[in-house]
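Let's take a walk through this one, from the overall numbers down to what sits inside.

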Amino acid sequence: MITINADNIIKTCVISPQVLTDTHLLSPESRLQEAQGLALAINLDVVYAESVKIKEIKPATFFSRGFIERLRPLIAQYEIELMVFDGKLSPIQQRNLERELKIKVIDRTALILEIFGERAQTREGALQVELAHLTYQRSRLVRSWTHLERQRGGAGFLGGPGETQIELDRRLIDDKIVRIKKDLEKVKQTRAIQRSARRKIPYPVVALVGYTNAGKSTLFNRLTQSNVMAADMLFATLDPTMRKVTLPAGMEVIFSDTVGFISDLPHELVMAFRATLEEVLAADIILHVRDVSNPNHAAQRKDVLDVLENLGLAEIKHADNYFEVFNKADLLEKSEYQHWLEKTQRHTRQILLSAANGDGCQKLLQAIEEQLNQKNERYDIVLPLYEGKIAAWLHENAQIEHIENQENENIYTVRLGNDQFSRLQHMTHDVEDIRIRKI
């Protein structure tokens, strides 16, 4: 891993290859800008950045000999110590570039892993990042260094040629991976228990997903009155956070903020964070937060949907519980704002808002409540006055539309989901004076 501190800022160059056969939706300029943002996210000192057209990928070094020769004097001029390659390098290509340029070289996957390693706060987050690191590191074990070619002799009946150092290193990593996966399985079981407990209460869950830096955490803070870290940087937050929110008509829901996505998100990270992202799979509503002030918002949308598809939500964009939240409306030009406003007025599950100033947030909460109510049934519940416990439960868990006060009883007209209705039946099955009628 890269060691970074305030006294030792690493001078870095960012090279973003533009391979002619690639089909990226992001423009070369945007990819380079994003790569620089990733480097700045861990306080690397980016002193040089360039987008390079690549006609043919060289198996040994990725780049042509001419580009490598051109890069050498720039490295000397800017005293560059690290090159960030905005793509995926094979272990051989990484090793050869380091030999040619005499500096450390990391690819996009390694850089994102560095960011995640620095940002993970909880034990779960640290475990997930370590698993991703080890999975990536295992693929880097090539015969790049002499110590990997040494052999450790066996003893007793296990004697013989022994075990090469590379085999030993790989086995040690495999052992660590097995241990971490066991720990993460416990995390997964804990989350399943927590979800089961929430279903018993029960509160609907609203999960926020989106491209990193789209404003998810800012929106989460605005809706939940929380203070989760939200900053204008890539991957400002990693660890999932949950908060309870009361919707306009009184229904209570749980909002869940998840890790941000990015183009070419390393497969190792998607797999490692699967336990966390399973919160999205179990959510009653998914809010896809999009930064419509970003000219690449369409490409970012596709990247997010691709990750959701990998999680098993292939048709989510057509689902009734999928909302697109067009954020950062305050940064739009007047004509752009009018375009997005007209677009959202034609679709019930598209909301234009600004998490920064709160415009449109109330409309989003109302839309969430309306969607949840579509799954709820209406009931008349006749409740004796002495049943204060049941009355309190209704006020906390049901959407109460009307209360008719009578001399010895009250008649509640409410909306309840299936789980809530089952809970109410369980609470009232021994009480003869309570009458429930579906409307």
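Among contacts between residues at least 6 apart in sequence, what share joins residues at least 24 apart? It's 68%, where contact means heavy atoms within 4.5 Å. Keep in mind that this is a predicted model: local features need pLDDT of at least 70, side-chain atom pairs count only at pLDDT 80 or more, and totals for chains, interfaces and linings use all residues. Residues are numbered from 1 along each chain as its sequence is written, and side-chain values use heavy atoms, with hydrogens and water left out.

The protein has 14 helices and 16 strands; these are DSSP runs, H or I of at least four residues for helices and E of at least two for strands, numbered from the N terminus. Of its 439 residues, 51% count as buried, that is, under 20% relative accessible area with a 1.4 Å probe, protein chains only.

Now look inside. The largest nonpolar core (buried Ala, Val, Leu, Ile, Met, Phe, Trp, Tyr and Cys joined through side-chain atoms within 4.5 Å) has 48 residues, and Leu-44, Phe-261, Ile-286 and Leu-308 have the most contacts inside it. Elements supplying at least two residues each include helix H1 (28-40), strand E7 (205-210) and helix H10 (297-310), but H4 gives the most, with 6. Beyond its neighbours within four places in sequence, Ile-286 touches several residues, among them Ala-207, Val-280 and Phe-323. A second, separate core of 25 residues includes Met-251 and Leu-287.

Back to H1: its buried residues include Leu-32, Ala-35 and Leu-38, and their cover includes strand E1 (11-19), strand E2 (45-54) and H4.

Methods: Buried means under 20% relative accessible area, exposed over 50%, partly exposed in between (1.4 Å probe, protein chains only).
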